[in-house]
Amino acid sequence: MSTPTQRKLLPLISTGGDGCGSTPAYGMVDPYVIQRDGPRREVRIKPLFSIPTLAHIEITYACMEDCIMCYNPTRTKVGERDKKIVWDIVKSLAAQRIPHTYLIGGEPTYGYSQQELEDMVDYLSDNGSSVTIVTNGQILLKNFNRRLACFGVSLHGSTPEAHDAITQRKNSFKKAVRAIRQYVEDGHDVRIVPVVMGRNHDDMYRIAELAWEFGAESIYYDIYEPGGIGEVNSHDDALHMQPSIQELKVAIGQIVQAHDDLPFKGSIGIGTAIPYCFDERLIERNMFENCGVGTYFCAITNTGDLRMCNQSKMRLGNVLERSIQDIWMDPVFDDVFRTLKWVQEPCASCPVLEDCGGGCKVDEGCASGELCIDRIVRGLSPDLKLKLSADQIFQQRLRDDYPMEWRRFHPNRYLAVTDMYADAGDIFFKTRYQTVRITEAEQAMIESITSADGVLDEQDFVQAYSEEVETDELRKFVSRLEQAGAIDVLGTDR
C-alpha cells in the first residue's frame, strides 16, 4: 500500500545491528541489477528527500483473517523476541525523524495489546512522525490514543457476503463496520482501504457510498497484485482475483464516479500505481498516482529489512544495521531501481516515465527478476504513449490567495519541523498527511508559530517579519501553511 497524499509540494515562498551473514527472512534477496531496454534518454527516478517520508513497519504477519489476496509471506504469530526487534525498528525510525509511519501487518491488533500500540504511537509522535494504523477492524481499539493520525480499515465488499467471502472469516464485515463507526465516533480520521479484484470490481461505488455514510475521512483503493499468500491463491480461477483490463476499467469508472459524487473531507484515490496512460479520467481529475517507490516510500519487515514496497523481495539494507538515510541514498538503490534499466517499451520512451515509473513495478509475473512495467501495459505496442505532455503532469500546488480580513490561527497538533538533514538540503515540516521542504527563513517563521502561546493574529505575524518579507508574500505563506495542514485557521478579524 502507498499514500497518495505524500507528494512533493512547492516551496512555501518563492524567494529565489551487524548482519552476521545470516539468511534474510521470508525469501528476501540482496539487490541485483535487471537490464532490459531502459529509457532512450538520460532519465531516472529521483527521491524527493534524502530519507523516505513514509515508511510502513510490518510489526507482525499474524492475522485472524485468511484473506485470499494477502501479500504477506506468512502468518507467523509474534513473540516477545519479535516485539523487542520491532521496538528497535520503531526507535530507529523515530531517531531519524521519518515524517510518516504506518504500523501494519498482518494485523497489528493481533498479538499487540492496545497499550503496546499506543506506546508506539506516542514514541513516534514525540519524535516528529505522524502515525497511521492499518487494521481489519476485527479487534476494536476503543478510546484509542488521539495522537494517532489515521485508522486505515479494510473493507472489500459492500455486503457481509461479499466481504466475508474474501476474508474467509464469518462476521468480519460486521466487526469491520463496527470498528469504523466507533473510530469515527471517537473523533479519529478513518480511511477505508478496499482491494480491487476481479470478483469485486463492480462493487467499488457502493463501498465508497458506505464509507461516506459511515463518516470516513477518505477512501483509497488498492489494485490486487499477486504476491505472498495471494500468489498461491491466484492460480485458483474460481477465486477470480486478478481483474481483467476491462474489469479494471469498470472499477476505475466507479471510483471516478464516487470521486465526482461524494464530497469526502479527504480524498478518493487509488493507492496502487497505475500507468498514467491507462485511463484519461484519472488524469482529468488529478487522481493519477505513482506508488512512491524509491521516491518517498519504503516498507520494512519485522526483522528490519528495508524494501522498495511491501511486495518486493529485494532487501536494500537493514535499518538495525545502517541508517535509513544511508540505505535510501546508497548508489546501489539507484543502480538496481532508480536508473530504470529494468524498463521496457512501451514505457521506455514515454515522456513522463520518470514521474509515472511504469505503474506497479513489483510483480510475481515478471519474466525475469522482480522489476518490470505494469502488466496492464506490458506487451502493448511501442506506439502507446501518454496523450498528455510532460508539462501537463504536475505536482500539487499550494495556493497563493488570501482573504481580505486578517486571520487568527494556531499550529496544527501534527505539525513538526525537522532540520537534521539540512546538510543534504532537506529542511522540512510534516503535518498529518504532508511533508513539505522549506528554507531556513521559513523554518524560523514556522518555529515562531509553534513556540507561540495560544492563538496567533496574522497581522501581528506579518508585522514581525515585514522588514524581511513583503506583506502579500507573508499572507500567501499563511494560506499555504493552512492548505498543507500546518495551521488551523480559527476565524478572521473583521
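**Exercise 1. In which loop is the place of Gly 106?**

Before we start, a word on the model: it is predicted, local features need pLDDT of at least 70, side-chain atom pairs count only at pLDDT 80 or more, and totals for chains, interfaces and linings use all residues. Residues are numbered from 1 along each chain as its sequence is written, and side-chain values use heavy atoms, with hydrogens and water left out.

Step 1. Begin with the naming: helices (H or I, at least four residues) and strands (E, at least two) are DSSP runs, numbered from the N terminus.

Step 2. Gly 106 has its place in the loop between β2 (100–104) and α2 (114–126).

Step 3. Now look at the backbone: the peptide bond from Gly 105 to Gly 106 is cis, with omega near 10 degrees.

Step 4. Another cis peptide bond runs from Glu 345 to Pro 346, with omega near 10 degrees. Pro 346 is found in the loop between α10 (331–338) and α11 (353–356).

**Exercise 2. Describe the backbone and the burial of Asn 286 and Leu 340.**

Step 1. A reminder helps here: most residues other than glycine have a negative phi, and most peptide bonds are trans.

Step 2. Asn 286 has a positive phi near 60 degrees and is found in the loop between α8 (280–284) and β9 (297–300). Leu 340, which is not a glycine, has a positive phi of about 65 degrees, and its place is in the loop between α10 and α11.

Step 3. For burial, use these cut-offs: buried means under 20% relative accessible area, exposed over 50%, and partly exposed in between (1.4 Å probe, protein chains only). Asn 286 is at 30% relative accessibility, so Asn 286 counts as partly exposed. Leu 340 is at 0%, so Leu 340 counts as buried.

**Exercise 3. Place Val 78 and find its contacts.**

Step 1. Val 78 lies in the loop between β1 (54–58) and α1 (80–95).

Step 2. Its relative accessibility is 17%, so Val 78 counts as buried.

Step 3. Take contact as heavy atoms within 4.5 Å. Leaving aside neighbours within four places in sequence, Val 78 is in contact with Ile 59, Thr 60, Ala 62, Lys 83, Tyr 110, Gly 111 and Tyr 112.

Step 4. As a distance check, Val 78 and Gly 379 are 301 residues apart in sequence and 42 Å apart in space, C-alpha to C-alpha.

**Exercise 4. Work out the sheet that contains β14.**

Step 1. Strands of a sheet pair through backbone hydrogen bonds, either parallel or antiparallel. Two strands count as paired if DSSP finds at least two bridges between them.

Step 2. The sheet is open and has three strands in the order β13-β14-β15, with antiparallel pairing. β13 (416–421) and β15 (435–438) stand at the edges, each with a single partner strand, so one side of each is left without a neighbour in the sheet.

Step 3. Follow the pairs. β13 and β14 pair over four bridges, and Thr 418 stands opposite Phe 428 in β14. Strand β14 (residues 426–430) and β15 also pair over four bridges, and Phe 429 has Val 436 in β15 as its bridge partner.

Step 4. Then the turns. The hairpin of β13 and β14 has four residues between the strands, and Gly 425 there takes a positive phi near 85 degrees. A hairpin through four residues joins β14 to β15.

Step 5. Finally, check both faces of β14: Asp 426, Phe 428 and Lys 430 on one side and Ile 427 and Phe 429 on the other are all buried.

**Exercise 5. Characterise the packing of α12 and α14.**

Step 1. Axes are lines fitted to C-alpha atoms, for helices over the stretch in contact, and angles run from 0 to 180 degrees between N-to-C directions. Helix α12 (residues 440–450) and helix α14 (residues 471–484) pack at about 65 degrees, with their axes 12 Å apart.

Step 2. Angles under 35 degrees count as roughly parallel, over 145 as roughly antiparallel, 65 to 115 as roughly perpendicular and the rest as oblique. The two helices, α12 and α14, are therefore roughly perpendicular to each other.

Step 3. For the residues, Glu 442, Met 445, Ile 446 and Ile 449 in α12 meet Leu 474, Phe 477 and Leu 481 in α14.
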